[in-house]
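Colleague: Please take one part of this model and examine it closely, strand by strand, and then set it in the context of the whole chain. I should be grateful for a connected account rather than a list.

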Amino acid sequence: MHQQNKSHQQKPERACLTGLTEDEANARLAQEGPNQLASDGKRSAFSIAADVLREPMLALLLAAAVIYLLLGDLGEALILMLFATMSVGITFYQEFKTERVLETLKNLTGTQAIVIRDGQRRKIAATQLVRGDLIEIGEGERVPADALLRTSHDLQADEALLTGESVPVSKFVVAQNDAETSDRQGFVYSGTMIVRGSGICEVTATGPRSELGKVGQSLSGISEDRPRMAAEIYRLVRIFAVLGAAASLSAVLLYGLIYDDWLQGLLSGIALGMSMLPEEFPVVLTVFMAMGAWRISKVKVLTRRASAIEALGSATILCTDKTGTLTQNRMSIVSLVLADGTAFDLSDSSELPNGDFTHILGRGILACSVNPFDPMEIAFHDHAETVFPDGHPGENGWTLAQEYGLRRDLLAVTQVWDTRDEEKISLVVAKGAPEAILQLCKIEGAMAKRILQQATDMARRGQRVLGIAEAGHSGADWPETPHGFDFSFLGLTGLADPLREQVPESIALCQSAGLRVVMITGDYPETALAIARNAGIKGDDVVTGAMLGELDDAALTQRIRSANVFARIMPEQKLRIVNAFKAAGEIVAMTGDGVNDAPSLKAAHIGIAMGKRGTDVAREASSIVLMEDDFTAIPAAIKLGRRIYDNMRKAAIFIFAIHIPIAGLALLPLVFGMPFIVGPIHIALLELAIDPTCSLVFEAEREERDIMRRPPRSPRARLLPRRLAAFAFLQGISALLLSSGVYLFGLHGGLPAEEVRSLTFVVLVLSILAIVLTNRTFSASLRSELTRPNSALLGVAGLVGLITALALVWPAFTRLLDFAPLTLQQYGIAAASFVLFFAALTAAKMLRFRLG
């Protein structure tokens, strides 16, 4: 027995801790470089801008604007220029922010460090640390470099930054040749936080060679998938552009060679080219992405990359971490078990049934730090007011006389309190792993077996189990180890990071939408399985990090087909799992918040970072950010992503359909030598209806009723698959037949050309309205087509109606368009044509819906 004022330390002789000499440190600094992440490959703002300006979609917008400018349509040119400028600004901002990822990583190591050199302690910039330096670390400090412990005083580190797990990891001094095989408990890592104790360690890796640096290197080497939607739009635009150019050239040649009227041929060619110029497609893409990002932000989700909006509708796999995403990232005591096996579920009640349970909690609190950093100790202190209504004994005269920290051979913390007892009897309390506490209490045999079985059952329910014991001690001579006290076993406490309340419902919604939810965690398999079951994640198959390490890529691709829970996973393994799912043809969404998650977030088709607790690195590597860290926002974002894609498809059908009658009416007089129907000015007027309709009306349409009950969209699905393109063609041809039929009917009836042109134009406008109503919903319901609320539709329809009315009744406008006022009978013909055409389209849609 001996007297000692502070707890026992694991340490070699202090004399050997002299550290490097200053000359040795300078030489290594020159050879290996500073302790910061490399910035190779960083793009300047100028190079980012150059890359953005080379985007084909931007080039298309600018080209369309120039064409309209040459055609004399200044309004269309200015609108397209505005969209082009907005596209450049948004894309540049996003690209510039992603370049800050590695800079953010550097800031994590941009601190001061206490180093021992030439046997002297000094404070230097962490960037000046080199391999072999001895550094001091303590509670509340961030570790400046990867290092091997040389001395340790009850040291615990929060490694959530790298592992994603919030429970601190105990650290011990181990022999250097055993360090790699001791579950790396002898190492501390750059960027992690010391939450308990202190120590001296030897730097083993700095800068890009540290574990944190390796994350940065893997992040910079990951390329993002190019948005498929842009390529699809570009393909459609090329088709329209080729057809339009061919038709325009044909019109010019037809008039010039047959009628010897090259001027009229040029004007007709321009009209035909304008009728088929597909500038709506890039406008629709720009507007839908911008408005989509705004709509998604309304559910507290920030969209950082437009490609994520597109990918949301086709996601098939949702990989989620556990801590803080599915759970609340807040440890709490959920169960208590007395020594006789009596249990109490604290998660269902805050009132303890009797004093024995209160006694366990009180002794557990006294075994914690008075001002804890450790999340589990904070969970004990959450009950301090209930257990100690008059305040913590440490604040009311009791003093901590002795501490015994965690040891590799005894995973328990023991604290001795001087209670100012008249008989000088101190209170000794211990908490730790159940087997360690049983060892201190010298409990063996059947009783030990029963207690350990209870602890195992609690662990299978997702709880972290601690044993609690107490003893009394007379005098001020403390034993060498806690084994010298005569402990009594009090019971077990179960702690858990509880599920977020809405998580099971959100996971069920994702599964109903065809998404497979996969949990990836650094926690133990039993805990991971328990959380997965409670959350509603299907399956009992668990793949551990050790199992994964033994699989090659081909075997892993097979293994992931059945496993929905991955446990004890290292950071680099998360990236491998994401890549394996991608190799299997899945569209992967991945959630994360720590630096360790950044590579997998960037590699995933949809990287989802947490806005509040997430690191800057994770947020900037992601494509969307949950601003409130709310898992329930994920299915809401998926729902909106599917709605946006659906509405883009509706707009594409509309654009394809309405260009057919416009082009046909521009071409028909050329072929048959009749008076022209639509010229450049008429087409420009029609654009006033077409542009806002396809970019605003369809964008504002509500989601389909079955949107979260259908399987994910194939990533290889075309925006306009054959069956929808055929239906769009049918609508366009029908509108052309109707309009040209009215035109021919008017001419045959002897009506003046101006009246025929007016009547045909009105019928064409109403045909466009019928096409809009038909494509508002994919369902076959006539009621849905007519009654679904859409304020944008009402506004655009009212504006188009007003402009059409002015074109027919305002003399100056009528003369400009070569129109003439219509009679009531002619208005009746137009209205009847609309009703019949809309009815025919609805019937065709119902037939197509029934035939699938």
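**Strand pairing and its surroundings**

Modeller: I114 has K123, in β2, as its bridge partner. This pair belongs to a predicted model, and it is one point of contact between strand β1, residues 112-117, and strand β2, residues 120-125, which pair in the antiparallel sense over six bridges. Two residues lie between the strands of this hairpin, and D118 takes a positive phi near 55° there. Strand β1 is also joined to strand β3, residues 134-138, by three bridges, and these two strands run antiparallel. On that side V115 stands opposite I135 of β3. In general, the strands of a sheet pair through backbone hydrogen bonds, in either a parallel or an antiparallel manner.

An open sheet of eight strands can be set beside this arrangement. The order of its strands is β8-β22-β21-β20-β9-β17-β19-β18, and the pairing is mixed. Strands β8 (301-303) and β18 (542-544) stand at the edges with a single partner strand each, so one side of each has no neighbour in the sheet. From one strand to the next the twist averages 20°. At the β8 edge, three bridges join β8 to strand β22, residues 624-626, and the two run antiparallel. Within that pairing, V301 has L626 of β22 as its bridge partner.

Towards the β18 edge, helix α18 (residues 525-535) lies across β17 (516-520), β18 and β19 (565-567), and runs at about 150° to β19. The loop between α18 and β18 holds K538. K538 counts as exposed because its relative accessibility is 55%, and the threshold for that class is over 50%. Apart from its neighbours within four places in sequence, K538 is in contact with Q511 and N564. The C-alpha atoms of K538 and A563 are 9.2 Å apart in space, while the two residues are 25 residues apart in sequence.

Q573 offers a contrasting case. It is placed in helix α21, residues 571-583, and it counts as buried because its relative accessibility is 10%, with the limit for burial set at under 20%. Beyond its neighbours within four places in sequence, Q573 is in contact with G545, L548, G549 and R568.

A helix pair may be added for comparison. The axes of helix α27 (residues 753-774) and helix α29 (residues 791-809) come within 11 Å and cross at roughly 175°. That angle makes α27 roughly antiparallel to α29, since angles over 145 degrees fall in that class. The residues of this contact divide into seven nonpolar, two polar and no charged. From α27 the participants are S758, V762, V765, V772 and L773, and they meet L793, V800, T804 and L808 of α29.

As for the whole protein, its secondary structure comes to 31 helices and 22 strands. Buried residues make up 54% of its 852 residues. Among the contacts with a separation of 6 or more, 73% are between residues 24 or more positions apart. The accessible surface comes to about 36500 Å², and carbon and sulfur atoms account for 57% of it.

Conventions: Residues are numbered from 1 along each chain as its sequence is written. This is a predicted model: local features need pLDDT of at least 70, side-chain atom pairs count only at pLDDT 80 or more; totals for chains, interfaces and linings use all residues. Side-chain values use heavy atoms; hydrogens and water are left out. Two strands pair if DSSP finds at least two bridges between them. Helices (H or I, at least four residues) and strands (E, at least two) are DSSP runs, numbered from the N terminus. Buried means under 20% relative accessible area, exposed over 50%, partly exposed in between (1.4 Å probe, protein chains only). Contact means heavy atoms within 4.5 Å. Accessible areas come from the Shrake-Rupley method with a 1.4 Å probe; for residues, only the protein chains shown count as cover. Axes are lines fitted to C-alpha atoms, for helices over the stretch in contact, and angles run from 0 to 180 degrees between N-to-C directions. Angles under 35 degrees count as roughly parallel, over 145 as roughly antiparallel, 65 to 115 as roughly perpendicular and the rest as oblique. Ala, Val, Leu, Ile, Met, Phe, Trp, Tyr, Cys and Pro count as nonpolar, Asp, Glu, Lys and Arg as charged, and the others, Gly among them, as polar.
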